[in-house]
Amino acid sequence: MTALEKLRFVRGVIFEAIVSTYTPDGRPNAAPMGVVSDDMRHLAISPFTTTQTFTNLKRGGCAVVNFVADASTFYKTAFKNEGVKSAYGDDFFKRAEVVDAPQLKEVDALLEVSVVKLQEEENRAQVICRIDRWERRTSRFQPYCRGGFAAIEAIIHATRIRMFLAQGSEGEARRLMELVEYYQQLIARVAPDSEYSSIIEDVIARIDVWKEKSSLKESSFV
Ligand SMILES: Cc1cc2nc3c(=O)[nH]c(=O)nc-3n(C[C@H](O)[C@H](O)[C@H](O)COP(=O)(O)O)c2cc1C
């Protein structure tokens with residue numbers, strides 16, 4: 001089993017992480033970034049070329065990919081330079097073990113990675129990394145994927161759509177169907193051919209059946 005398989009990665013699915021790096025003058029930096037693996041051995045990060053993370057990856061050639069479950073770490077690291085209260089300080093980090101990068105102190109899991117290929121496009125780069133070391137601190141660790149959240153939201157909305165259609169509350173049902181459609185598109189983007197895409201297809205098929213049984217037959221939903 002590869003490190004990514006042990007961390008419950010799924011091929012082609014985007015997981016949200018916090019990438020930590022050193023700036024060229026040695027300051028620790030952290031930013032949320034989506035990461036994806038096509039071969040379960042390497043990880044691709046796609047930073048915009050305007051980000052500090054891109055500069056640091058290009059210059060330093062390594063990073064730590066940190067996994068956390070709390071929204072506040074995403075918030076603090078995304079807006080650290082824009083007046084966020086309690087933005088992180090240096091005690092937020094410690095040195096990684098095998099790569100020359102900082103790691104977050106409080107994490108559920110992490111990957112220490114080295115850049116093996118960096119392809120710069122117009123606005124965004126494709127940075128392919130190999131995994132030099134990994135760590136997992138919680139036994140039932142699951143990296144965060146937006147597709148999981150989207151599938152759960154769609155299921156919640158579907159249960160209400162069923163109720164609204166049975167009651168004949170078409171306006172309410174249509175409003176929630178638009179949200180389900182949005183979640184379907186999000187899942188197609190972040191988690192194609194995954195358990196989440198199977199779930200959303202099933203949810204939508206159920207909604208179609210409920211629609212058939214109700215008066216809302218003409219809708220062009222999905
Ligand atoms: C969950 C999440 C995922 C993100 N993914 C990316 C990404 O893949 N690439 C990117 O350039 N920015 C991404 N961002 C935005 C950056 O985190 C944000 O622009 C940040 O301020 C960049 O910081 P830096 O300049 O220190 O690198 C993401 C933001 C969030 C909240």
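This report walks through the fold, the two domains, the ligand shell and a handful of individual residues.

The model is predicted, so local features need pLDDT of at least 70 and side-chain atom pairs count only at pLDDT 80 or more, while totals for chains, interfaces and linings use all residues. Residues are numbered from 1 along each chain as its sequence is written.

## Overall layout

Let us start with the whole chain. The protein has 6 helices and 8 strands, where helices (H or I, at least four residues) and strands (E, at least two) are DSSP runs numbered from the N terminus. Along the sequence they follow the pattern α-β-β-β-α-β-α-β-β-β-β-α-α-α. Taken along the principal axes, the C-alpha atoms fill a box of roughly 65 × 40 × 40 Å.

Of the 222 residues, 35% count as buried. Here a residue is buried if 20 or more other C-beta atoms lie within 10 Å of its own, exposed if 12 or fewer, and partly exposed in between, with C-beta atoms placed from the backbone. Among contacts between residues at least 6 apart in sequence, 65% join residues at least 24 apart; two residues are in contact if their C-beta atoms, placed from the backbone, lie within 7 Å.

## Two domains

The protein is divided into domain 1 (3–136) and domain 2 (146–213), with bounds that come from an automatic or database domain assignment. Their centres, taken over C-alpha atoms, are separated by 32 Å. At the junction, 5 residues of domain 1 are in contact with 7 residues of domain 2. The side of domain 1 that touches domain 2 divides into 3 nonpolar, 1 polar and 1 charged residues. In this scheme Ala, Val, Leu, Ile, Met, Phe, Trp, Tyr, Cys and Pro count as nonpolar, Asp, Glu, Lys and Arg as charged, and the others, Gly among them, as polar.

## The pairing of α4 and α6

Next comes a pair of helices. The axes of α4 (residues 146–167) and α6 (residues 195–213) come within 10 Å and cross at roughly 10°. Axes are lines fitted to C-alpha atoms, for helices over the stretch in contact, and angles run from 0 to 180 degrees between N-to-C directions. The two helices are therefore roughly parallel to each other, a label for angles under 35 degrees, whereas those over 145 count as roughly antiparallel, 65 to 115 as roughly perpendicular and the rest as oblique.

On the α4 side the contact includes Ala 150, Ala 154 and Leu 165, and on the α6 side Tyr 196, Ile 200 and Trp 210 are among the residues met. The residues of this contact divide into 13 nonpolar, 2 polar and 3 charged.

Ala 150, in helix α4, deserves a separate look. Leaving aside neighbours within four places in sequence, Ala 150 is in contact with Tyr 183, Leu 186, Ile 187 and Tyr 196. Ala 150 and Ile 200 lie 8.7 Å apart, C-alpha to C-alpha, with their positions 50 residues apart in sequence.

## Around the ligand

The shell around the ligand holds 14 residues, of which Ala 31, Pro 32, Thr 51, Gln 52 and Thr 53 come nearest; a residue is near if its C-beta atom, placed from the backbone, lies within 6 Å of the molecule. The elements that give two or more residues to this shell are β2 (28–36), α2 (52–60) and α3 (71–78). Strand β2 gives the largest share, 5 residues. By class, the shell has 7 nonpolar, 6 polar and 1 charged residues.

## Individual residues

The table gathers burial for some single positions.

| Residue | Other C-beta atoms within 10 Å | Class |
|---|---|---|
| Glu 121 | 9 atoms | exposed |
| Asp 193 | 12 atoms | exposed |
| Met 40 | 16 atoms | partly exposed |
| Cys 62 | 20 atoms | buried |
| Ala 150 | 25 atoms | buried |

Met 40, in the loop between β2 and β3 (42–45), has a positive phi of about 65° although it is not a glycine. Asp 193, also not a glycine, has a positive phi of about 50° and lies in the loop between α5 (170–190) and α6.

Glu 121 sits in the loop between β7 (109–120) and β8 (125–136). The C-alpha atoms of Glu 121 and Phe 48 are separated by 9.2 Å, although the two are 73 residues apart along the chain.

Cys 62 belongs to strand β4 (residues 62–67). Not counting residues up to four places away in sequence, Cys 62 touches Val 99, Asp 100, Ala 101, Val 113, Ser 114 and Val 115. From Cys 62 to Ile 199, 137 residues away along the chain, the C-alpha separation is 36 Å.
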